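The following note is offered for colleagues who will examine the coordinates alongside it. The points are numbered for ease of reference.

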Amino acid sequence: MTPTDWIAALLLGMGGVFFLAGTLGLLRFPDVYTRLHALTKADNVGLGLIVLGLSVQADSWVVVGKMLLIWALVLLAGASVAQLIARSVLRRGIRLWRQ
Amino acid sequence: MLLQSGFDVALGLGLLWVAWQALNSSDLFKAIVFFIAFGLLMALAWVRMDAPDIALAEAAIGAGVTGALLLGALARLRASNAGETTMGQAGNGQRRFMASRRLLWIPLLLMAAGLGYAVLSLPGYTPGLSAQVAANLGASGVSNPVTAVLLNFRGYDTLLELVVLLLALLGMWSMAGPAPPPSAEAAAVLDGLSRFLTPLVLLVAAYLLWVGTRAPGGAFQAGSLLGAAGVLLILAGWRANVASTALSLRLVLTAGPGVFVAVAAFSLLMSGQMLKYPPAYAGILILIIEIAATLSIGLTLAGLFLGGRPRGERKSP
């Protein structure tokens with residue numbers, strides 16, 4: 001393995017950890033708001049790390065550009081949809097979780 | 001190799017599980033969410049089988065637009081059921097349904113046996129028609145074999161699919177009455193998102209349409225993207241002023257099947273055979289059909305999501 005491969009493996013592994021943590025949060029957190037919080041962290045940072053990891057090994061800048069574009073679109077969609085879900089849940093009168 | 005087969009097996013089992021959840025869940029909302037997840041996993045499965053065209057169509061139409069249509073239908077269903085109290089009837093109907101459900105196993109088992117027999121009696125390997133497609137690709141006018149089959153060799157099927165879509169919209173316009181009014185309080189975030197994404201979606205749809213002649217893409221994928229943009233705009237509360245655009249609305253809705261039928265009639269007159277394009281003009285004819293079909297598909301899908309006749313039309317004579 002070359003140093004590039006090591007860097008890619010490290011970034012991909014870190015991305016995987018974020019996705020795992022996000023999934024765990026989705027399953028284990030007590031209410032919809034905290035679950036959204038866990039999920040958006042996984043989508044935003046986890047996918048970003050995986051895109052970076054794949055970019056290190058990419059053959060051309062075009063591929064890197066496409067992957068960065070995908071990440072940007074997922075960031076936009078994820079943030080907007082999380083806000084929309086939280087808003088609609090809040091309007092239905094579901095309270096925030098308190099210990 | 002082992003990793004890939006492991007992934008494929010997990011994907012197949014996941015598909016079966018998600019399909020079962022979608023069928024078996026008594027909560028309709030849950031069932032729809034599982035159905036959308038099924039479509040996305042199915043798109044992944046098509047990618048694994050080297051069929052990116054079908055994967056694109058499955059993700060865009062199967063998961064995206066159909067999911068949005070189902071969710072819209074569920075919202076209408078809940079709104080119309082909210083006023084009624086049908087507890088007694090529902091209980092009775094439920095019992096009858098449960099009783100007939102046990103008898104359903106018999107035809108289901110027969111069908112499963114028949115399907116199993118059909119699959120097992122298939123020859124292990126068939127070359128299919130891909131060799132013939134490859135041999136005639138030069139005369140088709142395009143270099144993407146999928147587009148060549150859909151728009152040239154089997155243009156008939158695609159023409160009928162466009163007619164089916166149009167019929168679905170006509171049926172809904174006849175049965176469902178006027179569309180429900182836009183939700184009064186569309187979120188500001190949704191408004192901003194739709195303003196940002198709509199031009200981008202238009203760009204990608206145009207790209208998919210254009211690239212479809214030589215790579216995965218084409219009218220159905222581009223049209224479903226247009227439909228998705230329409231869904232987003234409808235959700236954000238945007239409505240076209242149909243009082244002044246009633247005629248152009250209908251022209252665009254019928255453009256796809258209309259242009260296709262016109263080309264079919266033209267080829268019937270020129271070569272004596274329907275949808276047999278002269279090779280010199282095949283490329284441009286396919287592009288014209290695809291442009292018209294994309295616009296029709298996009299508008300039809302958005303119209304279906306609207307859930308009824310557009311409001312504000314003057315009564316037609």
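1. B:Arg48 is partly exposed, its relative accessible area being 33%. B:Asp8 likewise falls in the partly exposed class, at 33% relative accessibility. These two residues form a salt bridge in which the closest N and O atoms lie 2.7 Å apart. The pair joins distant parts of the chain: B:Arg48 belongs to helix α2 (residues 28-48) of chain B and B:Asp8 to helix α1 (residues 2-24) of chain B, with their positions 40 residues apart in sequence. The reader should bear in mind that the model is predicted.

2. A further salt bridge connects B:Asp27 with B:Arg78, and here the closest N and O atoms are 4.0 Å apart. Because B:Asp27 sits in the loop between α1 and α2 of chain B and B:Arg78 in helix α3 (residues 52-81) of chain B, the pair ties together parts that are 51 residues apart in sequence. B:Asp27 is partly exposed at 36% relative accessibility, and B:Arg78 is partly exposed at 49%.

3. B:Asp157 and B:Arg154 also meet through their side chains in a salt bridge, with an N to O distance of 3.2 Å. Both partners are partly exposed: B:Asp157 has a relative accessible area of 34%, and B:Arg154 stands at 48% relative accessibility. Over all chains, the structure holds four salt bridges.

4. Which residues of helix α5 in chain B are buried? In this helix, which covers residues 130-140, they are B:Val133, B:Leu137 and B:Ser140. Viewed down the axis of α5(B), the buried residues fall within an arc of 75 degrees, and therefore line one face of the helix. The other side of α5(B) presents B:Ala131, B:Gln132, B:Ala135 and B:Gly138, which are exposed.

5. The cover over the buried residues of α5(B) includes two helices of chain B, α6 (145-153) and α11 (279-306). After α5(B) comes B:Gly141, which has a positive phi, near 95 degrees.

6. As to the overall architecture of chain B, its secondary structure consists of eleven helices and zero strands. The C-alpha trace of chain B spans about 65 × 60 × 40 Å along its principal axes. Chain B has 317 residues, of which 32% are buried. Considering contacts in chain B between residues at least 6 apart in sequence, 76% join residues at least 24 apart.

7. The contact between the chains deserves separate comment. The area buried between chain A and chain B is about 680 Å², and carbon and sulfur atoms give 77% of it. On the side of chain A, the residues that lose the most area to chain B are A:Leu76, A:Leu84 and A:Arg87, together 51% of what that side buries. Seven residues from chain A and nine residues from chain B take part in the contact.

8. How many salt bridges does the rule find across the interface of chain A and chain B? The rule finds zero salt bridges there. Polar contacts across this interface likewise number zero residue pairs, where both residues must be at pLDDT 80 or more. By class, the side of chain A that touches chain B comprises three nonpolar, two polar and two charged residues.

Definitions and conventions
Residues numbered from 1 in each chain as written. Chains lettered and ligands numbered in written order. Predicted model: local features only at pLDDT ≥ 70, side-chain atom pairs only at ≥ 80, totals over all residues. Heavy atoms only, no water. Contact = heavy atoms within 4.5 Å. Buried area = accessible area lost by both parts, 1.4 Å probe. Polar contact = N/O pair within 3.5 Å; in protein donor to acceptor, adjacent residues only side chain to side chain. Nonpolar A, V, L, I, M, F, W, Y, C, P; charged D, E, K, R; others polar. Buried < 20%, exposed > 50% of the residue type's maximum accessible area, 1.4 Å probe, protein only. Helix = DSSP H or I, 4+ residues; strand = E, 2+ residues; numbered from the N terminus. Arc of directions from axis to C-beta.
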